[in-house]
Amino acid sequence: MIVATKQLFAHAYGKYAVGAYNINNLEQIMGLFKGCIDSQAPFIIQLSKGARSYANKQMLEAMIRTAEEIFPEAIFAVHLDHGDEQTCYECIESGFYSSVMIDASHSPFEENVAITKRVVDAAHAKGISVEAELGMLGGVEEHVQVDEKNACLTDPDEALEFVKQSGCDSLACAIGTSHGAYKFSGGQGIHFDRVKAIQDLLPGFPLVMHGSSSVPQDEVERINAAGGELKGAKGVDTAQYLPAAKLGVCKVNIDTDGRLVWTRVHREFFKEQPGNFDFRTPGKIFMAEYAKFIASRNELLGSAGELESLRESLKG
Ligand code: G3H
Ligand code: 13P
Ligand code: ZN
């Protein structure tokens with residue numbers, strides 16, 4: 001069942017975080033739904049501009065609607081990840097999305113507010129909620145490149161002002177994470193003092209953490225042993241997910257880790273069986289491994305086991 005993103009946030013706030021997983025293909029969709037049912041967790045399925053162009057937005061919509069029929073127990077929201085203004089309007093008009101993200105974080109404050117407000121007005125007219133971004137994560141985003149050294153954490157006072165002026169429903173904050181597989185060079189992690197300062201000024205307001213992949217070291221080692229070259233890849237400590245959730249982080253975005261599972265499964269499979277060319281065999285392994293990975297993330301986020309309680313709360 002597709003629900004409003006804000007319904008998921010209302011149930012999760014301060015207790016657990018909802019996993020927001022990027023998908024690009026059928027195998028990811030099947031693994032994601034299975035992993036969430038196995039762990040009895042609500043979830044957010046998110047589509048980037050790149051995914052909508054890679055797999056065709058109509059194909060993605062059809063696959064998600066079919067997955068909803070195959071897994072009737074599932075409760076989830078559909079979200080546009082890192083949208084530009086035009087793509088936001090397209091998704092709002094489509095009637096398929098629960099929420100959109102307008103990412104104008106590369107623009108100056110006033111312009112970010114103005115763009116976000118236009119999207120909020122269009123989205124709210126259709127009952128859709130809007131995630132905006134303030135501050136800059138390090139790493140590479142779809143249409144923005146930011147050096148790690150230029151990455152700047154979200155300023156709490158600006159966050160309060162931004163939410164007031166833009167009317168957005170949730171805020172992606174730069175709190176020390178970055179996109180991709182190379183997040184940290186040393187022992188850095190989430191800046192909890194910053195999250196707390198933002199929550200103090202915006203109590204009850206859903207915060208979003210991008211760049212949340214953990215880049216499991218065993219996964220990286222297996223990929224490298226099977227011919228990969230991911231040297232020095234490092235991610236977020238998964239023990240930090242729940243403490244962040246308690247401070248109002250309701251949505252935790254994970255994409256890179258899923259790509260690592262895919263890469264490990266396929267590299268190992270074709271290394272061990274160089275004569276094989278039936279992609280369905282590693283495809284099946286991937287779906288099972290991705291489902292396991294998703295269930296393990298939901299456990300760490302605290303969303304595992306929340307499905308029935310959410311279902312009850314949606315009835316009231
Ligand atoms: O933050 C970006 C997400 O990981 C989506 O990546 O734009 O390559 O689909 P993508
Ligand atoms: P990762 O690269 O850490 O998976 O982050 C994904 C993300 O933030 C999607 O918006
Ligand atoms: Zn992101």
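A residue counts as buried when its relative accessible area is under 20%, and as exposed over 50%. The structure treated here is a predicted model.

**Exercise 1. The setting of N22**

Task: Decide whether N22 is buried or exposed, and list what N22 touches beyond four places in sequence.

Solution.
- Step 1: Locate the residue. N22 sits in strand β1, residues 18–22.
- Step 2: Apply the cut-off. The relative accessible area of N22 is 4%, so N22 is buried.
- Step 3: Collect the contacts. Leaving out residues up to four places away, N22 touches Q28, Q46, S48, D81, I254, D255 and Y290.
- Step 4: Look for a polar pair. The side chains of N22 and Q46 are joined by a polar contact of 3.0 Å.
- Step 5: Check a distant residue. G248 is 226 residues from N22 in sequence, and their C-alpha atoms are 21 Å apart.

**Exercise 2. The zinc site**

Task: Find which protein atoms are donors to the zinc ion (ligand 3), and state which parts of the chain H82 and H210 tie together.

Solution.
- Step 1: Name the donors. They are NE2 of H82, NE2 of H179 and ND1 of H210, at 2.0 to 2.1 Å from the zinc ion.
- Step 2: Write the spacing. Along the chain the donors of the zinc ion follow H-x96-H-x30-H.
- Step 3: Place two of them. H82 lies in strand β3 (residues 76–83) and H210 in the loop between β9 and α9, so this pair ties together parts 128 residues apart in sequence.
- Step 4: Test burial. H82 has a relative accessible area of 7% and is buried. H210 is buried too, with a value of 1%.

**Exercise 3. The shell of ligand 2**

Task: Work out how many residues surround ligand 2, and how much of its area the protein buries.

Solution.
- Step 1: Count the shell. Ligand 2 is surrounded by 15 residues, of which D81, K183, S213, D255 and T256 are the closest.
- Step 2: Assign elements. At least two shell residues come from β3, and at least two from β10 (249–254).
- Step 3: List polar distances. A polar side-chain atom of K183 is 2.5 Å from an oxygen atom of ligand 2. For S213, a side-chain N or O atom is 2.6 Å from an oxygen atom of the ligand. For D255, a polar backbone atom is 2.7 Å from a ligand oxygen.
- Step 4: Take the area. Alone, ligand 2 exposes 310 Å², and the protein buries 96% of that.
- Step 5: Link back to Exercise 1. D81 and D255, both among the closest residues to ligand 2, are also among the contacts of N22.

**Exercise 4. Two nonpolar cores**

Task: Identify which residues have the most contacts inside the largest nonpolar core, and which helix gives the largest share of this core.

Solution.
- Step 1: Size the core. The largest nonpolar core has 83 residues.
- Step 2: Name its best-connected members. L32, F33, I45, I64 and L171 have the most contacts inside it.
- Step 3: Find the main contributor. Helix α6 (residues 109–125) gives six residues, the largest share.
- Step 4: Expand one member. Beyond four places in sequence, L32 touches Y21, I23, F43, I45, Y290 and I294.
- Step 5: Look elsewhere. A second, separate core has seven residues, including A181, V215, L230 and L260.

**Exercise 5. Positive phi**

Task: Compare N56 and V215: where does each lie, and is each buried or partly exposed?

Solution.
- Step 1: Recall the background. Most residues other than glycine have a negative phi.
- Step 2: Read the angles. Phi is near 75° for N56 and near 45° for V215.
- Step 3: Place them. N56 is in the loop between α3 (49–54) and α4 (57–70). V215 is in the loop between β9 (207–209) and α9 (217–225).
- Step 4: Classify. N56 has 37% relative accessibility and is partly exposed. V215 has 1% and is buried.

**Exercise 6. Q199 in its helix**

Task: Establish whether Q199 is buried or exposed, and which residues Q199 contacts beyond four places in sequence.

Solution.
- Step 1: Locate. Q199 is in helix α8, residues 192–201.
- Step 2: Classify. A relative accessible area of 15% makes Q199 buried.
- Step 3: List contacts. With neighbours within four places set aside, Q199 contacts Y13, L207, K246, L247 and G248.
- Step 4: Give a polar distance. A polar side-chain atom of Q199 is 3.4 Å from the backbone oxygen of L247.

Notes
Residues numbered from 1 in each chain as written. Chains lettered and ligands numbered in written order. Predicted model: local features only at pLDDT ≥ 70, side-chain atom pairs only at ≥ 80, totals over all residues. Heavy atoms only, no water. Helix = DSSP H or I, 4+ residues; strand = E, 2+ residues; numbered from the N terminus. Buried < 20%, exposed > 50% of the residue type's maximum accessible area, 1.4 Å probe, protein only. Donors = N, O, S within 2.8 Å, 3.2 Å for Na, K, Ca; no water. Core = buried A, V, L, I, M, F, W, Y, C linked by side-chain atoms within 4.5 Å. Contact = heavy atoms within 4.5 Å. Near = heavy atom within 4 Å. Polar contact = N/O pair within 3.5 Å; in protein donor to acceptor, adjacent residues only side chain to side chain. Areas by Shrake-Rupley, 256 points an atom, 1.4 Å probe, with all protein chains shown as cover.
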